[in-house]
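Work through the exercises below with the model open. Try each task before reading its solution.

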Amino acid sequence: MTTVRQRRVGKGTEVAEDQPPEEKNVKPDVKVLSEHTGGKLWNILSVIAGGIVAISLGLLTSVYVATLHENDLWFSNIKEVEREISFRTECGLYYSYYKQMIQAASIQQGLHGLVYDNKTESVRTINILERMNVYQEVFLSILYRILPIQQYLEPVYFYIYTLFGLQAVYVIALYVTSWLLSGTWLSGLLAACWYITNRVDTTRVEFTIPLRENWALPFFAVQIAAITYLLRTHLQPVQERLTFTVIFIATFLFSLAWQFNQFMMLIQALALFILDCFDMLPSAKVTRLYIIQISGLLLVCVLQFFNSMILGSLLLSFNASVLMARTIQKNYKKGNLLQRLGKLILHVLLVLCLTLIINKFIKRILNLESDEHIFKFLKAKFGFGATRDFDANLYLCEEAFGLLPINTFSRLSDTLLFCIYIFVLFLMTVVAVIVAFRNLSGSNQFQLMEKMEECTITLKPDAAYNLIHTVLFGCLALSTMRMKYLWTSHMCVFASFGLCSTEIWKLVLKCLHLYTSQRTRVIKYSIPIITLLYISYKSWPGIMDELSELREFYDPDTVELMNWIKSNTPDTAVFAGSMQLLAGVKLCTGRTLTNHPHYEDKNLRERTKQIYQIYAKRSPEDVYRILRSFGTDYIILEDSICYERRHSRGCRLRDLLDVANGHIMDGLGENDPDLKPSLYPRFCEEIKKNLPSYTTHFTRVFQNKTFHVYKLAERK
C-alpha cells in the first residue's frame, strides 16, 4: 500500500537503482507519523485548554450572580426573617419545605410531614411530594443534615450556593453545546460571554433563587448538549450508550425539578418529529429519544405518587402516538415528491388525531382537570374567544405571561447577539428548506453532496436539531415572556456557533465568489475575536458598576407583620390572604394557610377565587361564611391590592373578581352590557370603616401602612 501511495504522488514511475526502495518509503511514513502525533497532541492540548476555560467561566458566572445577590440585599447582614421575606411569592413556598425538613426531628419525620401535610391548605391533608416538584429541597436538606458542615454554613447559604453552583453547570453546558456544533472552543467562550453580558434576559436566578426553572434549566442545557453530541456521525457503540445514559439522567432531573417539564419536552418532541419527517435525523436515534422522554416522565410520575397531571400530559400522548403511527404507516418515507408529501400529510394528521384521542381518553378515565386553566389561558391568549374565567384572566393580566416586549431585542442587540443570531438563523433556515425539499424529492445522497455541498455540510443532524429547537422555543418566548429564558440562553449558543462555523463562512464566501480555505479560516477566528473584544468594551463598565453598587433589603412593614404573627397568634392559627403573601407567612411563621401560589390544582384554584372575595363587592356575611368554611382565623388585607394601580382597568384583581361575579368594574370605562351593579360595597374598603355589620364578624388586631389583619369572630 505504501509503495502504491508513493508512486501516485511521485513524478516518475521508476525507482533509481542505486537507492533502495525501502528508504524512500520509510521517510514519508516517519513524516506522516510525526504530523499525526503532532496533530493529536495539539488536539489534546486544545481540549484541555477549552475545558479549563469552560470551568473557569462557569465558576465565574456563579461568583458573579452570588455577588450581585449579596450586593442587592446585603444578605449576609440582614436578619433571618428578612432573608426569608426576600424569597418572594412561590419562591418562599418552595424554600419553606427545605426549612421544614431541616427543622424536623429526623429525616423520616420530615418526609412524613411532607407526605401528610395539613398546614399548606387548611382543612385538607395533601401530599406535597405529589403536588409539587420539591424533591430537590428534600435531597438538599438531607445532604445538609448528613454532611459535617452545620457549624460552618447556615442552611440558607447551603441552599442558595447550590443554586448559584448550578449556574456553573448551565454555562458549561451552553459552552460545550456551542463547541460541539462549531468544532472550536472559541465558540463556547463567545456563547458564555454573551450569556453573562446579557444576564438581564438570560437568567433571573439572583433575585428568584428557589424558582423551579433555576433548578431545571441547567439539566435541560446538559440534555441539549448530550443530544447534540449524540447526533454526530461515526460514534462508537460505547459512546452512544454513554450519551443515551447522560440524556436519560438529564431528562429525568429536568422533569423532576419543574412542573412545566411536560410542555418544554413536548416542544422538543415536536422538533424531533419535524426533523424525522424530513429525513434530517437518524430515525433509530429519534425513536430512542422519544422512549427516553416517556420513561423519564413516567419515573417522575412514580416518584410523585402517580401524579395524574403527568399521566394526562400531552407529551406522553404525543410520543405514544408517533410510535404507533410509525407502526401503522411504515412506508411514509418512500416514493417521489408528491407521493411523499401526501403520505407525510396523512402521517401528521394520524399523529395529531391519535394524540387527541389518547389524551382525551386518559383524562376521561382519570377525571383530570388540573391543567384545564392552562388551555383556557391559551385559548383566550390566541384570540379564540373572550373569557370571564377568573383563572385564565389572572394569567392574561400578568406581564410575565404576555408577549415578549420589543425592548428585549434592543438590549440583546447592544452586544450584537440578536443581530448575529438573525443572520445565522436566516442562512440556516434557507439551507434547511433546500435540504428538506431535496430529501422529500428522493435525491440520491451522493448527488446531493455533489451539487449542494455547502448545504449538506452546514446542516448536519446536530445543527439541524439546534435550528428547529431555537425556532420553536423562539416562538414560545415571543408569545410568553416568562419563557424567554429558554430561548435567549440557546440564542447565545446558536449565534456563537454560526459565527465560528467553517461551514457557514464557506457558504457565505462561495455565494460571494470569494471562497478560499485560508480566507475561511482567517474569518472563522478573527470575527469571533473582534466580537469578543467589542462585547468586553461595551459591557465591562456596566458590569463593574453593577458589582460596585451596594443596596440593602428594606421592607419594614412585612417584617413587622411577620414578627407580630409569630408573637401574637397561636401556632395552629389559619391565615387567609393573597397567594403571594401567604407563601411568606408559611415560611416565616409556620402558620397554616388557606391558599398558596402553586396553582396546578383545580380545588386550590376554586378555593383561591373564594378567598379573594375579600377584595370583591360582597356582603360581610358572605365573606365570613366563605372564610369560615376554610377554617380561617385571620385575614390579611393589603392596600396594594385593594387600591391597586399597577395594572390598568380590567386587569386589577378587583376588576377580575367583579367581572367573574357579574358586577360592573370601578372607574371610568366600558363594561359588558350584561354586567350589573353590586348590591354591596367593596369589602376590603368598607371593613376599615368599622361599621356594626362588619365588626360583628371581624375585629382588627393589627395595622401598619401596608397591611390590615382582622380576626374572625368565633361561630355562635
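The exercises cover membrane spans, cavities and a set of paired strands in this predicted model.

**Exercise 1. Transmembrane spans**

Task: Find where UniProt places the feature "transmembrane region", then check the helix content of residues 344-362 and 416-437.

Solution:
1. Start with the record. The unreviewed UniProt entry puts the feature at residues 41-66, 179-197, 217-235, 242-260, 296-324, 344-362 and 416-437.
2. Take residues 344-362. The span is 100% helix and 0% strand. Its end C-alpha atoms are 27 Å apart.
3. Take residues 416-437. Here the chain is 95% helix and 0% strand. The end C-alpha atoms lie 32 Å apart.

**Exercise 2. The largest cavity**

Task: Which elements give two or more residues to the lining of the largest cavity?

Solution:
1. Count the cavities. There are five of 30 Å³ or more.
2. Pick the largest. It holds about 100 Å³ of space.
3. List the lining residues closest to its centre. Of 14 in the lining, these are Tyr-170, Leu-174, Ala-221, Ile-224 and Ser-489.
4. Assign the elements. Helix 8 (155-182), helix 11 (212-230) and helix 25 (484-499) each give two or more residues. Helix 25 supplies the largest share, five residues.
5. Sort the lining by character. It has 10 nonpolar residues, four polar and no charged.

**Exercise 3. The second largest cavity**

Task: How do the lining residues of the second largest cavity divide into nonpolar, polar and charged?

Solution:
1. Note the volume, about 60 Å³.
2. Identify the lining. It consists of Gln-167, Tyr-170, Thr-202, Thr-203, Arg-204, Glu-213, Asn-214, Leu-217, Pro-218 and Tyr-485.
3. Assign the elements. Helix 8 and helix 11 each supply at least two residues. The largest share, four residues, is from helix 11.
4. Sort the lining. Four residues are nonpolar, four are polar and two are charged.

**Exercise 4. Strand 5 and its partners**

Task: Why is strand 5 largely enclosed by the rest of the structure? Trace its pairings too.

Solution:
1. Check burial. Strand 5 spans residues 707-712, and five of its six residues are buried, so the rest of the structure largely encloses the strand.
2. Pair it with strand 3 (residues 634-638). Five bridges join the two, which run antiparallel. Glu-638 stands opposite Phe-707 of strand 5.
3. Pair it with strand 4 (residues 698-703). Five bridges join these strands, also running antiparallel. Phe-702 stands opposite Val-709 of strand 5.
4. Examine the connection. Strand 4 and strand 5 form a hairpin, with three residues between them.

Definitions and conventions
Residues are numbered from 1 along each chain as its sequence is written. This is a predicted model: local features need pLDDT of at least 70, side-chain atom pairs count only at pLDDT 80 or more; totals for chains, interfaces and linings use all residues. Side-chain values use heavy atoms; hydrogens and water are left out. UniProt positions are given in the numbering used here, feature names are shortened, and annotations may be inferred rather than shown by experiment. On a 1 Å grid over the protein atoms alone, a cavity is a set of points where a 1.4 Å probe fits but cannot get out, and a pocket is an open set with protein on both sides within 12 Å along at least five of seven lines; lining residues have an atom within 4 Å of a point. Grid points are joined across faces, edges and corners, and a volume is the space filled by probe spheres set on the points. Ala, Val, Leu, Ile, Met, Phe, Trp, Tyr, Cys and Pro count as nonpolar, Asp, Glu, Lys and Arg as charged, and the others, Gly among them, as polar. Buried means under 20% relative accessible area, exposed over 50%, partly exposed in between (1.4 Å probe, protein chains only). Two strands pair if DSSP finds at least two bridges between them.
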